[in-house]
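Work through the exercises below with the sequence and model at hand. Try each task before you read its solution.

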Amino acid sequence: MEPMDIVGKSKEDASLPKATMTKIIKEMLPPDVRVARDAQDLLIECCVEFINLVSSESNDVCSREEKRTIAPEHVLKALEVLGFGEYIEDVYAAYEQHKLETMDSLKGGKWSNGAEMTEEEALAEQQRMFAEARARMNGGVAPPKQPDPDQTIES
């Protein structure tokens, strides 16, 4: 691979976060084993080269299918083509786990209160927040929160 093969960056500019990689390396080894800094740097470079290799092959697979976006299936096919077929099952399992964790974090994230909002409820909430923001920008106080039309007051 040529130094400028990585989308407008030189090979030296493409790297992985050293602290994260060092942590991963240490987690993979027994606690009594130490790794020289040169060996850590070499492992990180190997990871970068592996990512470049798989990315390039994934792009080739994608192009052969006349697609413009690399999909997970392209990456799995690239691993097979490159001779890493024995890892496909583990990689797919990790991908499925990642999807589950991502969905869980989106559902339980700061934008969700655990209950789904209808489109109408979301629009009403958006309008309320816009009104509050306008009031703050105009130096006034926010208008009082409007009662929820779905709630009824029983006497």
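**Exercise 1. The residue after the helix**

Task: Is E66 buried or exposed, and where is E66 found?

Solution. E66 has a relative accessible area of 74%, so E66 is exposed. The cut-offs are under 20% for buried and over 50% for exposed, with partly exposed in between (1.4 Å probe, protein chains only). E66 is found in the loop between α2 and α3. Helices here are DSSP runs of H or I, at least four residues, numbered from the N terminus. Now take the backbone: phi of E66 is positive, near 55°, in a residue other than glycine.

The model is predicted: local features need pLDDT of at least 70, side-chain atom pairs count only at pLDDT 80 or more, and totals for chains, interfaces and linings use all residues. Numbering runs from 1 along each chain as its sequence is written, and side-chain values use heavy atoms, with hydrogens and water left out.

**Exercise 2. Helix α2**

Task: What span should helix α2 have, and which of its residues are buried?

Solution. Start with the count: α2 covers residues 37–64, which is 28 residues. The expected span is 1.5 Å times one less than the number of residues. That gives 40 Å; the end C-alpha atoms are 41 Å apart, which agrees.

Next, burial. Q40, I44, V48, N52, V54, E57, S58, V61 and C62 are buried in α2. The cover over these buried residues includes α1 (18–28) and α3 (72–81), where contact means heavy atoms within 4.5 Å.

**Exercise 3. Aromatic pairs**

Task: How many aromatic pairs are there, and what is the geometry between F50 and F84?

Solution. Apply the rule: rings of Phe, Tyr and Trp (its six-membered ring) pair if their centres lie within 6.5 Å; planes under 30 degrees apart are stacked, over 60 edge-to-face, the rest tilted. The count comes to 3 aromatic pairs. F50 and F84 are edge-to-face, at 5.2 Å centre to centre and 90° between the planes. F50 lies in helix α2 and F84 in the loop between α3 and α4 (88–107), so this pair ties together parts 34 residues apart in sequence. F50 is partly exposed at 36% relative accessibility. F84 is partly exposed at 25%.

Then take Y92 and Y95. Their pair is tilted: 6.3 Å centre to centre, 55° between the planes. Y92 and Y95 are 3 residues apart in helix α4, about one helical turn. Y92 is partly exposed at 40%, and Y95 is partly exposed at 29%.

Last step: ring pairs link F50, F84 and Y87 into a cluster.

Terms used:
Helix = DSSP H or I, 4+ residues; strand = E, 2+ residues; numbered from the N terminus.
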